[in-house]
Amino acid sequence: MNSKYVSLLILLSLSFTALSYAQLGEQAGQPTMNVSVGSSATFNYSILNGGSTPINFTVILPTLNTIPHNATPTVTVTPMNGTLAPHSNMAVSIKVDVPGSDKPGLEWQGIVQVVEAAPTKITSSGEGAVITAGVAKILTIYSAAPKPIPLIYYIIAIVVVVIVVVAAISAIIFRRSSKARTRMVARASRTAASVKSARKRAARKPVATRKPARKRAAIKGTARKKGASKAKGSARKTAARRKATKRASRSR
């Protein structure tokens, strides 16, 4: 397969260089790309205009060989067309995407062509031929094993999990402390209210009980005085009776 593409490339190169009016050229080197399964890679090179007139060009994508039970990679080229100014160059980017369903260690090949958009007509001895000038590269693609996830991603994931857990715990603690603070405030307000009501009741009781207490004390004092006076009167009567009895006994 490689010899076929090499022969075709040599034939195209000889055809292009045989044209004395050919102006289109390209940077040397063939793109060989090792692309991990399920990822993409890019190869950049330059096309050149060595002449004194502008060149309108277009890109012909490669036709890659197929491998049974495996998907063919996708090849995109940027830009696909354009105009090269005289004595200038332009960067061309080849991007290859290898599907994740492919196996590692596979190989695909194809030819990427950059050709002039306007073919050149050559007339010689009454006969004419239409020749399209251009340049070509053999693109070789190898599928490689998937790259392992970098350690930094694991570290970032762990840090994110820790931050989420800490945030959740902090939120729970904050809610509990808020509820506890609310209960304490409510309890303190109830205690203050009960203290105020007790003070009000204590302040009202003496005012209501002072007069009855004084009346009871006055009644008790009066009763005591009456009892004392009665006792004195009875004692006096008893003493008088005794004296009278003594006098009567003496006169007899």
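**A surface patch, paired strands and a few unusual backbone spots**

In this predicted model, a nonpolar patch lies on the surface, built from Ile-152, Ile-155, Ile-156, Val-159, Val-160, Ile-163 and Val-164. Together these residues offer about 610 Å² of accessible area. One of them, Ile-163, belongs to helix H2, which covers residues 151–251. Ile-163 counts as exposed because its relative accessibility is 54%, and the cut-off for that class is over 50%.

Stepping back to the whole protein chain, two helices and eleven strands are found. Their order along the sequence is α-β-β-β-β-β-β-β-β-β-β-β-α, so the strands come between a helix at the start and a helix at the end. Of the 252 residues in the chain, 20% count as buried.

Among the strands, E7 (residues 88–97) is a good place to look at pairing. Strand E3 (residues 40–49) runs antiparallel to E7, and ten bridges join the two. Strand E5 (residues 74–78) is also antiparallel to E7, with five bridges between them. Ile-94 of E7 appears in both pairings: Phe-43 stands opposite Ile-94, and Val-77 has Ile-94 as its bridge partner.

Phe-43 also takes part in a contact between rings. The count of aromatic pairs comes to one. This pair joins Phe-43 to Tyr-45 in a tilted arrangement, with 6.2 Å from centre to centre and 35° between the planes. How exposed or buried are the two partners? Phe-43 is partly exposed, with a relative accessible area of 23%, whereas Tyr-45 counts as buried because its relative accessibility is 4%. The ring of Tyr-45 has a further neighbour in Lys-137, whose charged end sits over that ring, 5.1 Å from the ring's centre.

The loops hold some backbone details worth a look. Between E5 and strand E6 (81–84) lies Pro-79. The peptide bond leading from Thr-78 to Pro-79 is cis, and its omega is near -5°.

Two histidines, neither of them a glycine, have a positive phi. For His-69, in the loop between strand E4 (55–60) and E5, phi is near 65°. For His-87, in the loop between E6 and E7, phi is about 55°. His-69 counts as exposed because its relative accessibility is 81%. His-87 is exposed too, with a relative accessible area of 60%.

Notes. Residues numbered from 1 in each chain as written. Predicted model: local features only at pLDDT ≥ 70, side-chain atom pairs only at ≥ 80, totals over all residues. Heavy atoms only, no water. Pairing = 2+ DSSP bridges. Helix = DSSP H or I, 4+ residues; strand = E, 2+ residues; numbered from the N terminus. Patch = residues over 30% accessible without salt bridge, like charges linked within 9 Å, V, L, I, M, F, W, Y side chains within 5 Å. Areas by Shrake-Rupley, 256 points an atom, 1.4 Å probe, with all protein chains shown as cover. Salt bridge = Lys/Arg side-chain N within 4 Å of Asp/Glu carboxyl O. Buried < 20%, exposed > 50% of the residue type's maximum accessible area, 1.4 Å probe, protein only. Phe/Tyr/Trp six-rings, centres within 6.5 Å; stacked < 30°, edge-to-face > 60°. Lys NZ or Arg CZ within 6 Å of the ring centre and 35° of its normal.
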